[in-house]
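Me: I have a model open and would like to talk it through before I go back to the bench. Could you take me around it, a piece at a time?

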Amino acid sequence: MSGYTIIWAFFGVSIACALAYFLTPKGNEQTVIRTVIIMSLVCCYLMWTITYLAQLHPLIYPKKVGLRPHHQEKF
């Protein structure tokens with residue numbers, strides 16, 4: 001598990017957005033379809049990235065509870 005996964009996923013999402021931009025079928029609502037696809041990809045990537053980073057580098061570390069007194073750490 002490293003931070004490079006985020007970079008590789010960014011390149012993957014960028015390629016998918018470019019493909020969505022150029023391969024969207026022509027029609028009256030082409031702009032709306034492009035916008036929906038690209039915004040969905042970007043929002044999913046951002047949500048995944050934030051969740052991944054929160055698990056990779058948590059702000060609050062868990063504390064062990066329910067241990068016997070001589071096994072508890074003193075801080």
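**Starting at the loop**

Reply: A good place to begin is Thr24, which counts as buried because its relative accessibility is 7%, under the 20% cut-off. Please keep in mind throughout that this is a predicted model.

Me: OK, and where does Thr24 sit in the fold?

Reply: Thr24 is found in the loop between α1 and α2.

Me: What does Thr24 touch, leaving out residues up to four places away in sequence?

Reply: With those sequence neighbours set aside, Thr24 touches Gln30, Ile33 and Arg34. In addition, the side chain of Thr24 reaches the backbone oxygen of Ala20, at a distance of 2.2 Å.

Me: Stepping back, how many helices and strands are there?

Reply: The protein has 2 helices and 0 strands. Helix α1 covers residues 4-23, and α2 covers 30-56.

Me: And how much of the protein counts as buried?

Reply: Of its 75 residues, 13% count as buried. The accessible surface comes to about 6,900 Å², and carbon and sulfur atoms account for 71% of that area.

Me: Which residues make up the largest nonpolar core?

Reply: That core has 5 residues, namely Ile6, Val13, Cys17, Tyr45 and Tyr52. Both α1 and α2 contribute, each supplying at least two residues of this core, although the largest share, 3 residues, comes from α1.

Me: Let's zoom in on Ile6: buried or exposed?

Reply: Ile6, which lies in helix α1, is buried, because its relative accessible area of 12% is under the 20% cut-off.

Me: What packs around Ile6, then?

Reply: Not counting residues up to four places away in sequence, Ile6 touches Tyr45, Trp48, Thr49, Tyr52 and Leu53. Of these, Tyr52 is 46 residues from Ile6 in sequence, while their C-alpha atoms are 8.4 Å apart in space.

Me: Tyr45 came up there too, so what does Tyr45 touch?

Reply: With the same exclusion of residues up to four places away, Tyr45 touches Ile6, Ala9, Phe10 and Val13. Ile6 and Val13 are also members of the core, together with Tyr45.

Me: Changing topic, which residues form the nonpolar patch on the surface?

Reply: The patch is formed by Tyr4, Ile7, Trp8, Phe10 and Phe11, and together they have about 620 Å² of accessible area. Phe10 is thus a member of this patch and, as noted, is also touched by Tyr45.

Me: How accessible is Ile7 in that patch?

Reply: Ile7, in helix α1, is partly exposed, because its relative accessible area of 40% falls between the cut-offs of 20% and 50%. In soluble globular proteins, nonpolar side chains tend to be buried together.

Me: Last one, what about Met39?

Reply: Met39 is placed in helix α2 and is partly exposed, with a relative accessible area of 46%. Between Met39 and Cys17 there are 8.8 Å in space, C-alpha to C-alpha, and the two are 22 residues apart in sequence.

Note on methods:
Residues numbered from 1 in each chain as written. Predicted model: local features only at pLDDT ≥ 70, side-chain atom pairs only at ≥ 80, totals over all residues. Heavy atoms only, no water. Patch = residues over 30% accessible without salt bridge, like charges linked within 9 Å, V, L, I, M, F, W, Y side chains within 5 Å. Areas by Shrake-Rupley, 256 points an atom, 1.4 Å probe, with all protein chains shown as cover. Salt bridge = Lys/Arg side-chain N within 4 Å of Asp/Glu carboxyl O. Helix = DSSP H or I, 4+ residues; strand = E, 2+ residues; numbered from the N terminus. Buried < 20%, exposed > 50% of the residue type's maximum accessible area, 1.4 Å probe, protein only. Core = buried A, V, L, I, M, F, W, Y, C linked by side-chain atoms within 4.5 Å. Contact = heavy atoms within 4.5 Å. Polar contact = N/O pair within 3.5 Å; in protein donor to acceptor, adjacent residues only side chain to side chain.
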